[in-house]
Amino acid sequence: MARYYRMTVQPTLFGEWALVREWGRIGRGGQVKTITCPSESEAASSLATLSHQKTRRGYQAVALQSPVSG
């Protein structure tokens, strides 16, 4: 089964930071879960911990390209 798991650290509207997790099967709608953190470093630490866990479960890290604005 082809699946994906995406994680990003983003600022919130209230001055906090959020770890946004999205997962599902490729080609289908996925699920999204947001975890708020008081600082960017705490959110990045959570991302690193989850990334390690997902790698151990068989997910492979893929570098995403930034969208080109023009």
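## Exercises on a β-β-β-α chain

Going along the sequence, the protein chain runs in the pattern β-β-β-α. Keep in mind that this is a predicted model. Let's work through it in pieces.

### Exercise 1: Get your bearings

Work out how many helices and strands the protein chain has, and what box its C-alpha atoms fill.

**Solution.** Start with the count: there is one helix, and there are three strands. Next, the box: taken along the principal axes, the C-alpha atoms fill roughly 40 × 35 × 20 Å. Then look at burial: of the 70 residues in the protein chain, 17% are buried. Finally, take the contacts between residues at least 6 apart in sequence: 27% of them join residues at least 24 apart.

### Exercise 2: Check the helix with a ruler

Find out what span helix α1 should have at 1.5 Å a residue, and compare it with the distance between its end C-alpha atoms.

**Solution.** First, find the helix: α1 covers residues 40-56, which is 17 residues. The expected span is 1.5 Å times one less than the number of residues, so α1 should span 24 Å. Now the check: the end C-alpha atoms are 24 Å apart, which agrees. Step just past the helix and you meet Gly58, which follows α1 and has a positive phi, near 110 degrees.

### Exercise 3: Two sides of α1

Which residues of α1 are buried, and which exposed residues sit on the face turned away from them?

**Solution.** Take the cut-off first: a residue is buried when its relative accessible area is under 20%. In α1, that picks out Ala43, Leu50 and Lys54. Look down the axis of α1 and these buried residues fall within an arc of 45 degrees, so they line one face of the helix. There's a general idea to lean on here: an α-helix has 3.6 residues a turn, so residues three or four places apart point the same way. Now turn the helix around: the face away from the buried side carries the exposed residues Ser41, His52 and Arg56. What covers the buried ones? The cover includes β1 (3-11), β2 (17-25) and β3 (31-37).

### Exercise 4: One residue from each strand

Place Arg6, Gly24 and Lys33 in their strands, then decide for each one: buried or partly exposed?

**Solution.** Take them one at a time.

- **Arg6.** This residue is found in strand β1. Its relative accessible area is 41%, so Arg6 is partly exposed. Not counting residues up to four places away in sequence, Arg6 touches Val20, Arg21 and Glu22.
- **Gly24.** Here we're in strand β2. With a relative accessible area of 17%, Gly24 is buried. Setting aside neighbours within four places in sequence, Gly24 is in contact with Arg3, Tyr4 and Gly30. The C-alpha atoms of Gly24 and Tyr5 are separated by 6.8 Å, though these residues are 19 apart along the chain.
- **Lys33.** Strand β3 holds this one. Lys33 is partly exposed, at 43% relative accessible area. Leaving out neighbours within four places in sequence, its contacts are Leu19, Val20, Arg21 and Trp23.

### Exercise 5: Into the loop

Locate Ser39 and work out how far its C-alpha lies from that of Ala18.

**Solution.** Ser39 has its place in the loop between β3 and α1. At 27% relative accessibility, Ser39 counts as partly exposed. Ser39 and Ala18 are 21 residues apart in sequence, and their C-alpha atoms are 8.7 Å apart in space.

### Exercise 6: The largest pocket

How many residues line the largest pocket, and which lie nearest its centre?

**Solution.** Begin with the space: about 500 Å³ lies in the largest pocket. There are 16 lining residues, and Tyr5, Arg6, Gln60, Ala61 and Val62 lie nearest the centre. Two of those names make a handy pair: Arg6 and Ala61 are 55 residues apart along the chain, and their C-alpha atoms are separated by 9.4 Å.

Next, ask where the lining comes from. β1 and α1 each supply at least two residues, and β1 gives the largest share, six residues. Last, sort the lining by type: eight residues are nonpolar, five are polar and three are charged.

Terms used:
Residues are numbered from 1 along each chain as its sequence is written. This is a predicted model: local features need pLDDT of at least 70, side-chain atom pairs count only at pLDDT 80 or more; totals for chains, interfaces and linings use all residues. Side-chain values use heavy atoms; hydrogens and water are left out. Helices (H or I, at least four residues) and strands (E, at least two) are DSSP runs, numbered from the N terminus. Buried means under 20% relative accessible area, exposed over 50%, partly exposed in between (1.4 Å probe, protein chains only). The arc is that of the directions from the helix axis to the C-beta atoms. Contact means heavy atoms within 4.5 Å. On a 1 Å grid over the protein atoms alone, a cavity is a set of points where a 1.4 Å probe fits but cannot get out, and a pocket is an open set with protein on both sides within 12 Å along at least five of seven lines; lining residues have an atom within 4 Å of a point. Grid points are joined across faces, edges and corners, and a volume is the space filled by probe spheres set on the points. Ala, Val, Leu, Ile, Met, Phe, Trp, Tyr, Cys and Pro count as nonpolar, Asp, Glu, Lys and Arg as charged, and the others, Gly among them, as polar.
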